[in-house]
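Open the model in your viewer and keep the selection panel at hand. The tour goes stop by stop, ligand first.

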Amino acid sequence: MKKVKIAVLVSGGGTNLQALIDAQSSGIIKSGKIVCVISSKAGAYALTRAANAGIDAYTVSKKECGNQADFEEKIERILQKKGAELIILAGFMSILSADFTKKHENRIINVHPALIPSFCGAGYYGLKVHEAALQYGVKVTGATVHFVNEIPDGGKIIMQRAVKVHDGDTPEKLQKRVMKQAEWRILPASAELVCKKILNGEV
Ligand code: GRF
């Protein structure tokens, strides 16, 4: 059965990558296959997770590239080589240009650790998102998977899942709960949904 070739872009611990790998093994993701992992940071633990799963892993360091064009050119070369048809940003901490996102319209998805349009956009990433949610005093937060376009966290929403904020939550505790109860579930589910739509020519 034809499967959509998936490239996962990472920068850190790779817990969302691990959720995708586990979902592929358990059959939650059956319309797609992870063919490569690309990290923007050398030594990211996500690379170890990829290696443990026997997935080709690459590092394209923004720092070493020096400029955005060279950084994206290197990523493009790997995507071409691997024949990637869907790009999943899983804890990817670098910005992708409008040129890059336009070139891959409706073929890039991202997981954001809040219920967009809350706590999103420039400057809202990682722990900062949860600090802002606690600062505001929301009782419910969660995660969103969306298509990526030229506006940070601006693309069409695919899936969301709500998570309760507990009294006394620290940003770290809240982040963990949002990952466990939301991100690690809706990213694999969204990946399967989008892969199926790609195979059916619906997106
Ligand atoms: C998580 O907060 C995720 O929401 C955000 O990046 C952080 C690290 O994710 N996108 P991971 O453990 O590297 O997948």
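Which helices each supply at least two residues of the shell around the ligand? Select helix 1 (15–26) and helix 7 (171–199): each of them does. Helix 7 gives the most, with three residues. Keep in mind that this is a predicted model.

**Stop 1: the ligand shell**

Show the residues around the ligand. There are 13 of them. G14, T15, N16, Q175 and E183 come nearest. Colour the shell by residue class. Five of its residues are nonpolar, seven are polar and one is charged.

**Stop 2: polar contacts to the backbone**

Turn on backbone atoms for G14, N16 and V111. Start at G14: one of its polar backbone atoms is 2.9 Å from an oxygen atom of the ligand. Move to N16. Here a polar backbone atom lies 2.8 Å from a ligand oxygen. Then pick V111, where a polar backbone atom is 3.4 Å from a nitrogen atom of the ligand. How much of the ligand's accessible area does the protein cover? The ligand has 370 Å² on its own, and the protein covers 90% of that.

**Stop 3: the largest pocket**

Hide the ligand and draw the pocket surface. The space that the ligand takes is the largest pocket. Its volume is about 790 Å³. The lining counts 36 residues, and those closest to the pocket centre are F92, M93, N110, V111 and Y125. V111 is thus on your screen twice: it lines this pocket, and its backbone has an atom 3.4 Å from a ligand nitrogen.

Which elements supply at least two lining residues each? Select helix 1, strand 5 (108–112) and helix 7. Both of the helices from the opening question are in that list. By class, the lining divides into 15 nonpolar, 17 polar and four charged residues.

**Stop 4: the second largest pocket**

Select S40, K41, A42, S61, K62, K63, E64, M93 and S94. They line the second largest pocket. Its volume is about 160 Å³. M93 also lines the largest pocket. How does this second lining divide by class? Two residues are nonpolar, three are polar and four are charged.

**Stop 5: two backbone details**

Most residues other than glycine have a negative phi, and most peptide bonds are trans. Now look at two places in the backbone.

Go to the loop between strand 5 and helix 6 (127–136), where P117 lies. The peptide bond joining I116 and P117 is cis, with omega about 15°.

Next, centre on N106, in the loop between helix 5 (98–103) and strand 5. What is the sign of phi at N106, positive or negative? Phi is positive there, near 60°, and N106 is not a glycine.

Notes: Residues are numbered from 1 along each chain as its sequence is written. This is a predicted model: local features need pLDDT of at least 70, side-chain atom pairs count only at pLDDT 80 or more; totals for chains, interfaces and linings use all residues. Side-chain values use heavy atoms; hydrogens and water are left out. A residue is near a molecule or strand if one of its heavy atoms lies within 4 Å of it. A polar contact is a pair of N or O atoms within 3.5 Å; within protein, one must be able to donate a hydrogen and the other to accept it, and residues adjacent in sequence count only if both atoms are side-chain atoms. Accessible areas come from the Shrake-Rupley method with a 1.4 Å probe; for residues, only the protein chains shown count as cover. On a 1 Å grid over the protein atoms alone, a cavity is a set of points where a 1.4 Å probe fits but cannot get out, and a pocket is an open set with protein on both sides within 12 Å along at least five of seven lines; lining residues have an atom within 4 Å of a point. A molecule sits in a cavity or pocket if more than half of its atoms lie within 2 Å of its grid points. Helices (H or I, at least four residues) and strands (E, at least two) are DSSP runs, numbered from the N terminus. Ala, Val, Leu, Ile, Met, Phe, Trp, Tyr, Cys and Pro count as nonpolar, Asp, Glu, Lys and Arg as charged, and the others, Gly among them, as polar. Grid points are joined across faces, edges and corners, and a volume is the space filled by probe spheres set on the points.
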